[in-house]
Amino acid sequence: MKDNMFSLEGKVALVTGAAYGIGFAIAEALAEAGAKIAFNCRKEEHLAAALKAYAEKGIEAKGYLADVTDEEQIASLLSAIERELGGVDILVNNAGVIKRVPMHEMSAAEFREVVDVDLVAPFLLSKAVIPAMIARGGGKIINICSMMSELGRETVSAYASAKGGLKMLTKNIAAEYGKYNIQCNGIGPGYIATPQTAPLRQKQPDGSPHPFDSFIVSKTPAERWGVPGDLKGPAVFLASKASDFVNGHILYVDGGILAYIGKQPQ
Ligand code: NAP
Ligand code: GCO
């Protein structure tokens, strides 16, 4: 395809927390579109397994141990990427955690821990890559938001607060840096089958589905959980020239959850 607007040839992408799950699928998609891939995580065992998994897919990903809440580790991570691959053209703020605790039982430390990873870290990483993106004439930042950027539910107050804030950080980066040809958009996955949601899908002792599993299927027009691969196309779109005039947008990839009141009584 002449001048393929979805090509990422010659680009360097950093996908945070991409040892597995959604981040891994997004990194795989960006690699398939031609990007050089860097990823990070905190745990050595995750890094080792991920490097093997990427290699099995023919992807020469560079993996680094770095905690996205630590500014010094972010600086070292970006220096290493610059040395080994080049400056970051595409930043995907994917690393995230959740704590499912009733708000009145959640400690301030637990609340802060979630916000630090899910909101402060995207700020720190975006702040760190933007000056070089400006110097290079532009760049792409993709923040992984959530249904909880729009909706609340019991026990996820810290996570929803962080993901709601991430939606607005996305819009503000777009507003402040659009003039430098930097596009900052979000992807808002629905309920995706990854380790993060495994507790919500665990079979009951009698082998029946987890009630939350059935609940999500009833709230999703597609009548299924998403899989990480459902996010590959949206990620390539927002990382590529095809979205150069899309800025401050949250692309919900949710099988229709946000459009649906829920399955009506039969
Ligand atoms: P996951 O399976 O829990 O994977 C999270 C990844 O982030 C892991 O590789 C983890 O590796 C890394 N990570 C966590 N904290 C980190 C830190 N401080 N520094 C560096 N890496 C860190 O999560 P997921 O389901 O793939 O979700 C990925 C993103 O999508 C998250 O932002 C999540 O909130 C969001 N999301 C998920 C869903 C869903 O239904 N699954 C839906 C909407 C949005 P280490 O533990 O080794 O650091
Ligand atoms: C939860 C889930 C959700 C998903 C996702 C939905 O406990 O409700 O973990 O928060 O992870 O964010 O978009």
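Ligand 2 has 14 residues around it, and Arg100, Ser146, Arg153, Tyr159 and Gln196 come nearest. This is a predicted model, so keep in mind that everything below is computed from it. Ligand 1 has a shell of 30 residues, with Arg42, His46, Asn94, Tyr159 and Thr194 coming nearest. Tyr159 turns up among the nearest residues of ligand 2 and also among those of ligand 1.

**Ligand 2: polar contacts**
- Ser146 brings a polar side-chain atom to 2.6 Å from an oxygen atom of ligand 2.
- Gln196 also works through its side chain, where an N or O atom is 2.6 Å from a ligand 2 oxygen.
- Met147 uses its backbone instead: a polar atom there is 2.8 Å from an oxygen atom of ligand 2.
- As for burial, ligand 2 on its own would expose 330 Å², and the protein buries 96% of that.

**Ligand 2: surroundings**
- If you're after the site itself, ligand 2 takes up the space of the largest pocket.
- Sorted by class, its shell comes to 8 nonpolar, 4 polar and 2 charged residues.
- Domain 1 (12-190 + 226-253) and domain 2 (194-221) each supply at least three residues to the shell around ligand 2.

**Ligand 1: polar contacts**
- Asn94 puts a backbone N or O atom 2.7 Å from an oxygen atom of ligand 1.
- Ile22 does it from the backbone too, with an N or O atom 2.9 Å from a ligand 1 oxygen.
- Gly17 has a polar backbone atom 3.1 Å from an oxygen atom of ligand 1.
- Taken alone, ligand 1 exposes 890 Å², of which the protein buries 96%.

**Ligand 1: surroundings**
- Ligand 1 sits in the largest pocket, and the elements giving two or more residues to its shell are α1 (21-32), β2 (36-41) and α5 (157-177).
- The class split for the ligand 1 shell is 16 nonpolar, 10 polar and 4 charged residues.
- Ligand 1 lies between domain 1 (12-190 + 226-253) and domain 2 (194-221), because both of them give residues to its shell.

**Putting the two sites together**
- The largest pocket is where ligand 1 sits, and the space of ligand 2 is the largest pocket as well.
- Both domains feed the shell of ligand 1, and both feed the shell of ligand 2.
- For oxygen contacts, ligand 2 has side-chain partners including Ser146 and Gln196, while backbone partners of ligand 1 include Asn94, Ile22 and Gly17.

How values were computed
Residues numbered from 1 in each chain as written. Chains lettered and ligands numbered in written order. Predicted model: local features only at pLDDT ≥ 70, side-chain atom pairs only at ≥ 80, totals over all residues. Heavy atoms only, no water. Near = heavy atom within 4 Å. Polar contact = N/O pair within 3.5 Å; in protein donor to acceptor, adjacent residues only side chain to side chain. Areas by Shrake-Rupley, 256 points an atom, 1.4 Å probe, with all protein chains shown as cover. 1 Å grid on protein atoms, 1.4 Å probe; cavity = no way out; pocket = protein on both sides within 12 Å on 5 of 7 lines; lining within 4 Å. Sits in = over half its atoms within 2 Å of the grid points. Helix = DSSP H or I, 4+ residues; strand = E, 2+ residues; numbered from the N terminus. Nonpolar A, V, L, I, M, F, W, Y, C, P; charged D, E, K, R; others polar. Domains from an automatic or database assignment.
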